[in-house]
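Please look over the sequence and structure shown here. Some questions on one part of the fold come after.

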Amino acid sequence: MFMSISTTGSAESPATDLGFLLHKHPGKVQRFTTSHGEAHVFYPEAGDEVCTAALLLDIDPIALVRKGRGNGRGRGGSPDFALSQYVNDRPYAASSLLAVALRTVFRSAMKGDCQRRPELPGQVRPLRIELPAVPANGAGEGGGPAMVVRLFEPLGWQVGATAIPLDEDFPEWGESRYLRVVLASDEVRLADALQQLYVLLPVLDGAKHYWVAPDEVDKLLAAGEGWLAAHPERALIARRYLSRRWSLTRAAMERLELARLAEADDREVEEIDNAVDDRPDDENSGYETPETDGTPETDGTTGTTEATDAHAPRQPSLAEQRRTAILAALRDSGAARVADLGCGQGELIGELLKDARFAEILGVDVSARALQAANRKLRLARLPERQAARVTLAQGALTYTDARLKGYDAAVLCEVIEHLDLPRLPALEYAVFGAARPRAVVVTTPNVEYNVRWESLPAGRARHADHRFEWSRAEFEAWAGKVAAAYGYAVELRPVGPEDPEVGPPTQLALFRTDTSTPVTDTTATPVSDTTATPEGGETR
C-alpha cells in the first residue's frame, strides 16, 4: 500500500520544508510499527524545487485476520470463499488501514504542530498527492471516479481519477473497482490534507478493518473540523465512514448541522445549543420562576404576593397563559398548517396536537438537544400513526432563509426574538416575514417594564441569562409596526398575563396578518445587516 506527497519550492522557500511539516527527515528512511504491519517513510526526491515523501505500508494479512475482522466486510467477516481472509486487497489498496497509518506516522503533522518552524503549518503551499490503488465502491451511491470528484473537489482539490483495468492484456474484461487517484491543490494546508485523507479513504472504500464503535463519531468530527460541516456530501461521508450504522450516522449528522449553524452564525456550538439545561426533565417543567420568565401569584394590580388557599385551584403559570394566547391568535387567523419557530422542548406543539384544526405542525429549533427532548416529551414514537404524521421536527437557524418554512398558514415565534443579538434581528425578519411569508405570524416577547413587579429579580437584570434584550411596550410596538409596514402585514398587539395598570402585562404578543393593501417595501433586502435595527429607545438591556 503506497502513497506519496509532493510539493514544490524555491531557494527562498525550499520544498524540503516538507520534512519539517511531516516531522520526517528527508535524508533518512524511517520505520514505524502499526497494529497490522509496518509503515516506512522515505523521500524518493528531496531538493529546493521538488520534494516528495512516500509512505509504504506493509500489511501482515495474518495479523489482520487475528486482530480484526478478516476482509473487513460485515461484523466478524463474511468471506466469499475459503481463503478470502488471507487473499484479499488489504495489503495493496488504500483503505482504513492506510488512514490509521497516517494518524500513527504523521500525528503531529495532522495537528498542525511544528515547534522548530511554527510558521510553516499555517502556510498554504502546492501539494500533489498520489494514490496508485484506491477502492471506490458504489453500491447505489455513485461510486467510481465520480465519487472521488464529489468528495475532493469541494475541498479545493483538482482531481484525477482513472479506473484500473482488471487485466491490461484482456481489456474486454472491463475495469476493476480500483482507481489511480492524483490530487493537486494550491489552496489546502498539509494538516488539512492529511485530515481529509484520514476521513475520506475509508469513505471511498465503504468498509473498515475494525468494528465501528460509538467513539468513531468523535473521531469523524475531530478530523472533519473546519471542513466537513460545510461539505455538500457530508451525509454520504458520515454514512460510509460509520459503516452505515444508522444510529451513529444520525448522531453525527445532528452534531455536524449544529456545527454548521454555529459557524454560519460566528458563535460557539454551546451558545446555540443551550435550549435545554442539564437538570432532570422534571426540573425543566411545571411552574416558571422569574429567572425563566414566569410570574408570581399576584392580585393582578399591584404585584403584591397574596396568601393562597391550599385548596384553591392552581392559577395557570405565565407559560400556560402564553400558550393559551398563542392558540387563540392562531385560531383567529384560521391557520391549519403551523410552524413553531424556536420550538424548544415542544410545549406549544403538544397543545397544538390537542386541537384537530391544526392538521400539520412543523417544529424548528437550532438546538439538537431541544429537538431530542421534544421528541421524547411528545412521545412521537408512541402516538397513533395519524397523530404522529401531523408533526415534523427539524433543525435550523432562523436567521437564514429556509425553503422548508414556505407554504405554512402561520408561524409562531414564542419568546424567540429576545435571544438574538439586535444586529441579527433583520436577518430573522427577512427569513420569516420576507422569504417564508406565512399568512400570519405570532410573536411573543417579555415586557421589560413588568420586571419591577418581581421582588426576586434584581434591578436591571433580564429574565433569562440568554436574553440579549428585553423591550418595553413602546419599543415592541415600534418594532412590530416597522416590520408590518416593510413586509406587507397588518399587526395587532395583545397583552398576555395579568395586566398591571402601571407597567402593563408580563408578556406582549403581536399578531401579524397579511395585508394585501400594503406594499412590501424590502423583501428583497439583504437578509443580514451590519447595522443595528433597533426601535427608538430599544437599546440592549
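The questions and answers below deal with one helix and its surroundings.

This is a predicted model, in which local features need pLDDT of at least 70, side-chain atom pairs count only at pLDDT 80 or more, and totals for chains, interfaces and linings use all residues. Residues are numbered from 1 along each chain as its sequence is written, and side-chain values use heavy atoms, with hydrogens and water left out.

Q: What span should the 16 residues of α6 have at 1.5 Å a residue?
A: Helices are DSSP runs of H or I, at least four residues, numbered from the N terminus. The expected span is 1.5 Å times one less than the number of residues. The end C-alpha atoms of α6 are 22 Å apart, which agrees with the expected 22 Å.

Q: Where in α6 does a kink lie?
A: The bend at a residue is the angle between axes fitted to the seven residues ending there and the seven starting there. In α6 a kink of about 25° comes shortly before the proline P202, at Y198.

Q: How many of the 16 residues of α6 are buried?
A: Buried means under 20% relative accessible area (1.4 Å probe, protein chains only). Of the 541 residues of the protein, 48% count as buried. Helix α6 is largely enclosed by the rest of the structure, because its buried residues number 15 of the 16.

Q: Which residues of α7 make the contact with α6?
A: The axes of α6 (residues 190-205) and α7 (residues 215-223) come within 9 Å. Contact means heavy atoms within 4.5 Å. From α6 the contact uses Q195, Y198 and V199, and from α7 K219, L220 and A223.

Definitions and conventions
Axes are lines fitted to C-alpha atoms, for helices over the stretch in contact, and angles run from 0 to 180 degrees between N-to-C directions. Helices (H or I, at least four residues) and strands (E, at least two) are DSSP runs, numbered from the N terminus. Buried means under 20% relative accessible area, exposed over 50%, partly exposed in between (1.4 Å probe, protein chains only).
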